[in-house]
Amino acid sequence: MEFVLAVVIVVLVAWFVTAPLRGRPRQSDEIDPGVAELAELEARKEAKYRQIRDAETDHASGKLSDEDFKHLDRELRGEAIDILKRIDRLRPPEAHGPS
Amino acid sequence: MPLQVHHHDLGAIELTILGSVLLAAALVCALFAAGAAVYGGRTGDRRWVDSSRRAVYSVAALLTTAVVILEIAFVRNDFHFALVADHSSTTTPTFYKLTAMWSSQEGSLLLWAWVLSLASSGVLYITSRRHREIVPWATAVLAGLGSFFIGLMIFKAQPFGHLDPAPAEGVGLEPLLRNPYMAVHPPMLYSGYVLWSIPFAFCIGALIARKLDASWIRTTRNFALLAWTFLGIGLLLGSRWSYEELGWGGYWGWDPVENAALMPWLVGTAFLHSVMVQEKRGMLKVWNVSLISATFCLCLLGTFLVRSGVLQSIHAFGASTVGGPLLVLIAVTAIGATVLIVTRLDQLQPERRINSLLSRESIFLVNNLLLVGMAMVIFWGTFFPLISEFFTGEKHSLAAPWFDRYVTPIGVLLVLFTGIGPLFAWGRLSSGAAKRLLLWPSIATAVTIAVLLTVSDAGHHVWALLIFAFAAFALVALWGEFWRAGATRHALTGEAYPRALANAVGRNRRRYGGYIVHAGIALTLIGIAASSSFQTNRDLRLQVGQTAKVGDYTIAYRKLTADPQNERIAFAARLDVTRDGKHFATLNPARNYYPTQDPTAGPIGRYFMGDSTSEVGLKTGAGGDLWTAFQPDLSSLNPAIVRGNRELRGLPPNAQGLAIIALAQHYAQDPPPANFKVIVNPLVGWIWIGALIAVAGAIMAGWPALESRRRLEAAYRARLGRELGTATPPN
């Protein structure tokens with residue numbers, strides 16, 4: 001019984017693991033690079049928003065002077081805009097809409 | 001082991017063989033995963049990368065099945081499994097049967113590989129559509145590690161070894177491990193070790209693929225936080241076990257295995273802080289890849305120390321054949337990571353420079369130096385026996401006082417920086433703001449010093465005094481951060497202050513969760529400083545009816561009781577404790593005696609010549625603990641034991657059992673003087689409370705915040721969208 005079970009398990013595992021190799025490359029693989037980059041840019045965008053918020057919090061609580069905050073905020077916003085532009089370029093045309 | 005024989009059970013033996021087959025299949029899958037990932041990474045053929053990911057999932061499924069088979073064998077007392085026979089018995093409580101798996105070398109390796117496979121599956125599932133260049137190499141690293149540990153089991157420490165015929169009874173669990181803290185400690189520790197492999201693997205993948213921005217850090221941040229948390233819980237449980245079980249009243253002995261778990265925790269702490277600098281300011285890239293590589297190498301080193309026997313430790317499995325391969329793995333990991341870092345230095349240059357000492361990034365750099373420095377001191381002290389043997393031919397160990405002397409000053413500075421760091425802003429803190437923010441914490445420091453010098457003898461314990469003072473600094477600084485968060489939001493939104501505070505903290509859990517961790521660490525260090533420097537420790541020898549004074553407490557030894565059972569004989573002392581003439585506590589420290597399997601000890605003597613454990617009598621409170629341990633003098637039993645061995649040999653076990661019960665109860669009626677250790681430990685409970693607060697803070701910092709992320713995105717997208725038309729590129 002255990003022998004049969006072992007054979008079944010091995011066969012199932014082999015079938016499962018080799019499934020991607022048995023087919024031709026899928027068309028989706030060609031557009032995967034864009035999907036992957038978009039996901040990465042989305043993560044960077046969130047991180048940048050968080051940094052902007054932290055800077056605003058530090059300024060509001062008096063840790064950053066007006067001058068230092070202005071400089072840092074400008075820097076962070078510029079980086080965020082850069083990321084947003086790259087996201088907009090990667091998104092399909094029908095995905096664009098009002099912000 | 002008893003020689004009674006079970007009937008041959010083909011099904012049970014085939015289960016052990018099934019387990020071995022599962023391990024073999026897992027090894028094949030892991031090797032395939034590593035190879036397929038490398039091939040897919042080099043050629044860009046996604047099919048091979050997908051196949052490698054499926055192979056990792058399969059390893060997790062196969063090892064899960066193997067673990068289930070083994071656990072069922074433990075619960076069913078199936079002594080055909082050699083592991084079950086060597087580490088469990090029919091009288092072992094079910095909870096300890098379930099946890100006995102990892103009390104052995106073989107079972108703990110299975111636990112390591114299993115947790116690794118689950119964590120690897122998790123991170124590969126999350127990143128199945130991301131990090132296309134990094135994931136194949138990260139998969140190869142994780143699968144390679146999995147192959148190593150599974151191979152170690154198959155060729156050096158097989159958990160599915162079988163016995164035929166199976167014995168009627170098992171050896172039972174090591175008595176020292178029959179403690180709930182020690183039952184949970186290994187999975188926590190190994191989870192910590194294993195989870196550090198995730199950020200390490202992605203770091204190596206990023207280095208190979210030359211994708212050295214912060215993306216690999218963002219993806220694996222929560223795994224790093226989980227690893228730090230689990231490793232911290234493992235350290236906490238181990239310390240608590242030591243405090244309650246080992247009978248010496250301490251919670252940390254600078255044992256090599258303890259140190260081996262502390263070092264990656266320290267360096268990992270530095271990593272968790274340092275990666276924030278890279279994420280926010282694009283700096284410390286070399287530090288970060290070096291820190292995670294060092295953290296993981298230290299995790300492997302900890303795994304090695306427990307199993308190699310090169311250093312003596314109460315925590316170790318003892319000498320084994322797995323030490324050599326582990327050492328090779330550590331060398332390959334360390335050398336490989338170093339080569340990659342050195343050859344990618346050009347891409348690890350910082351995007352900015354630290355332009356002010358009054359900045360959070362400069363504080364984090366100091367933090368890195370302190371934590372790594374502390375880890376290096378501990379490393380030197382831990383391995384000094386081997387170093388001295390190499391150079392002089394003789395092993396010289398460094399004891400606790402050496403560690404205390406060199407680690408404490410660094411610890412004092414770290415306490416201070418747990419308060420300074422949160423006060424500083426990214427970029428630059430204005431000098432006016434610095435003076436304002438440091439004012440109240442500095443006042444708290446001065447007041448603490450003044451009060452302690454006035455009302456206590458803290459002046460004679462300089463390091464403890466500094467820890468108390470800097471902890472006060474940190475706690476006031478952190479309280480100020482929370483207060484300012486609420487006040488700022490209240491001023492901006494008009495919300496009532498409590499609601500404003502809750503919303504401010506809830507919308508930035510990562511920051512404020514981190515602050516809670518800092519507060520917990522400060523409290524833990526207060527507990528360590530107080531219990532180390534102001535402890536009262538006395539060894540007493542008391543007859544029943546006698547009293548003794550320890551500190552402010554009067555200890556009266558009232559009676560001794562015997563509790564003989566199948567699994568062990570327990571002798572307990574009843575102590576009545578008074579303070580200022582009033583009853584304070586009744587304590588019942590005990591000593592448990594477990595029978596030995598050595599037949600030469602005799603049917604009666606075996607119950608008194610085996611392992612023994614201590615059950616401490618403990619009264620805990622916010623101000624401190626009263627801790628007692630008890631060691632009865634059993635030498636008066638020797639004549640009766642010798643006579644009983646001679647006259648009762650050959651009688652049925654029931655008759656022998658009755659004789660042992662009678663002997664134990666006779667002893668309890670008129671016992672000789674017993675030895676007691678009594679310790680008054682001020683504020684020691686704050687170690688555990690502080691650690692739990694730190695764990696809660698870590699959970700809060702890592703908790704996903706989907707709703708707030710959507711609100712944040714909507715708010716900033718709208719504001720930045722208006723600027724898109726007039727945006728200028730960043731400098």
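Chain B of this predicted model comes with an average pLDDT of 89, and 93% of its residues score at least 70. The weak spots are worth knowing before you zoom in. Over residues 1-8 of chain B the pLDDT is below 50, though the model still gives this stretch 13 contacts beyond near neighbours in sequence. Residues 725-731 of chain B also stay under 50, and for them the model has ten contacts beyond four places in sequence. Where pLDDT is low, the predicted coordinates shouldn't be read in detail. As for the complex, the predictor gives an ipTM of 0.83 and a pTM of 0.90.

Now for the layout. The domain assignment splits chain B into domain 1 (7-173), domain 2 (179-398), domain 3 (426-530 + 687-726) and domain 4 (536-683). Notice that domain 3 is written as two segments, 426-530 and 687-726. Take domains 2 and 4 of chain B as a pair: their C-alpha centres lie 41 Å apart. Where they touch, four residues of domain 2 of chain B are in contact with eight residues of domain 4 of chain B. The domain 2 side of that contact has two polar and two charged residues, with no nonpolar ones.

Next, have a look at some helix packing. Helix α8 (residues 197-209) of chain B packs with helix α12 (residues 323-343) of chain B, with the axes 10 Å apart and an angle of about 40 degrees. That angle is why α8(B) and α12(B) count as oblique to each other. Their crossing is left-handed. On the α8(B) side the contact uses B:I204, B:L207 and B:I208, while α12(B) brings B:A337, B:L340 and B:I341. By class, that makes six nonpolar residues, with no polar and no charged ones.

The second pair is helix α9 (residues 215-245) of chain B and helix α21 (residues 685-702) of chain B. Their axes come within 10 Å and cross at roughly 165 degrees, so α9(B) and α21(B) are roughly antiparallel to each other. The crossing of α9(B) and α21(B) is left-handed. From α9(B), the contact residues include B:L225, B:W228, B:I233 and B:R240, and from α21(B) they include B:W688, B:V695 and B:G702. What does the contact of α9(B) with α21(B) look like by residue class? The residues divide into eleven nonpolar, four polar and one charged.

Note on methods. Residues are numbered from 1 along each chain as its sequence is written. Chains are lettered from A and ligands numbered from 1 in the order in which they are written. This is a predicted model: local features need pLDDT of at least 70, side-chain atom pairs count only at pLDDT 80 or more; totals for chains, interfaces and linings use all residues. pLDDT is the predictor's confidence in each residue, from 0 to 100. Two residues are in contact if their C-beta atoms, placed from the backbone, lie within 7 Å. Axes are lines fitted to C-alpha atoms, for helices over the stretch in contact, and angles run from 0 to 180 degrees between N-to-C directions. Helices (H or I, at least four residues) and strands (E, at least two) are DSSP runs, numbered from the N terminus. Angles under 35 degrees count as roughly parallel, over 145 as roughly antiparallel, 65 to 115 as roughly perpendicular and the rest as oblique. A crossing is left-handed if the near helix is turned anticlockwise from the far one by less than a right angle, and right-handed if clockwise. Ala, Val, Leu, Ile, Met, Phe, Trp, Tyr, Cys and Pro count as nonpolar, Asp, Glu, Lys and Arg as charged, and the others, Gly among them, as polar. Domain bounds come from an automatic or database domain assignment.
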